Amino acid sequence: MLQMITGSNFFCNSKAKAVFKITGEDAFSFLQGQFSNDLRTPVGGATYGLWLNQKGKVVADSVLLRIAENEFLAFSNHSLASVIQQRLQDYLVADEVNLSDETISYDRLIISGAGCGALIKDFVKSELRVGQFIQWGDLFVVPGGQLPFENYTVIGPQKSLASWCDQWVARGWVEGSELAWDWARIAAGVPAIPDDLGPTDLPQEGGLEVGVIAYNKGCYLGQEVMARLKNLGQVRRRLHVVRGRGAPPARLAVLYQGGKKIGELRSIAQHQEGFVALAMLALINLNARAGLGLTPTGPATIWLGAHE
Amino acid sequence: MSELAALAKLCLRWGAPPAVAEAMARQLLKRAEQLMSERGLSREQALAYLLNLMAQGQAGKVSPEFQPPAAASPPSE
């Protein structure tokens, strides 16, 4: 029987947003001193994490693939290559590290849906777990760990990815748009960096703590703020999934509750009946059951949660 | 019977759920169009290639031609 095809089984092929090769005898130690997550993984490890600034605010994100002891491939789904490059170059002083922007050579294929892991296992003849990747010729296959459904990212040259598309089409997968993927991401509450969580925000405000921030790896840029927050503090704002009917408001629209400003909209995805969005909301005085308005005195038109 | 209807019927026969057989058929036609421009195949060749892949997938096989693409060789010194 043909494997699957439900509404959520789709693939999406697009240009990569940012891909870097980082090599050199100091590559590991340099990256370990910059990245929010612990890179002490064996070769074949895939680690999602953030590039923070000295105030612990979010600059960019990446998945780092450890290809060899001192060879990494970093890619990001949303952060710009120029931003990541600048962030790394700013702290690259005396280290033996080569940073090579490979973005132009790479496309990205996202595969989503129940059963895609089993099919990938058939294709690459190897079982993959979150936190690992496999290099298959010039393609890198990485299980996605952030979304609450099975998904994989494959990055590589466009020509090599084309034959993958054929395989998925032949097994009933349907090509989706970036918008469909965005809708799934937003409904799951996963922030795009830096659109939803950027240089004015702390990782914890976007729910990016477990599996993203390492507390026992030693020093890295932003680490002191992360440690202080864990030990002493708590965030005052938090990213929430919200929903509404009709045409979506503009990104960064101010949200009100009880006549007072309580936050702002970030990413928005429209669907047939309305929209889902991520909103950064102050936690003090937030009534999760009451709606949010777009003006101080207007009616509540936006509600917390992806579903009624 | 249209090409789309015929393909949807084939997908149904091969076990696709009725609600999505037409979407699958549409996707097959779309991919065939892409293959025509990407690889210079005729419409018949592109569809035959995809249907052959489908048949193999339906039998739980991976096409023997589906091999790892060559990794880029390092630049010569």
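The following paragraphs lead through a predicted model, from the domains of chain A to the helices of chain B and then to the cysteines.

Chain A is divided by its domain assignment into two parts: domain 1 covers residues 10–184, and domain 2 covers residues 236–308. Between the C-alpha centres of domain 1 of chain A and domain 2 of chain A the separation is 31 Å.

Chain B is built from three helices and has zero strands; read from the N terminus, its order of elements is α-α-α. Of the 77 residues in chain B, 32% are buried. Among the contacts in chain B with a separation of 6 or more, 26% join residues that are 24 or more positions apart. The exposed area of chain B comes to about 4,600 Å², of which carbon and sulfur atoms supply 57%.

The cysteines can be considered across both chains. Over all chains, the structure contains zero disulfides. C165(A) accordingly takes part in none, and its nearest cysteine sulfur, that of C12(A), lies 9.7 Å away. Because a disulfide requires two cysteine sulfur atoms within 2.5 Å, this separation of 9.7 Å does not qualify. C165(A) is also buried, at a relative accessible area of 4%.

In chain B, the sulfur of C11(B) has its closest cysteine sulfur in C165(A), 18 Å away, and is therefore too far for a bond. C11(B) is likewise buried, with a relative accessible area of 1%.

Terms used. Residues are numbered from 1 along each chain as its sequence is written. Chains are lettered from A and ligands numbered from 1 in the order in which they are written. This is a predicted model: local features need pLDDT of at least 70, side-chain atom pairs count only at pLDDT 80 or more; totals for chains, interfaces and linings use all residues. Side-chain values use heavy atoms; hydrogens and water are left out. Domain bounds come from an automatic or database domain assignment. Buried means under 20% relative accessible area, exposed over 50%, partly exposed in between (1.4 Å probe, protein chains only). Helices (H or I, at least four residues) and strands (E, at least two) are DSSP runs, numbered from the N terminus. Contact means heavy atoms within 4.5 Å. Accessible areas come from the Shrake-Rupley method with a 1.4 Å probe; for residues, only the protein chains shown count as cover.
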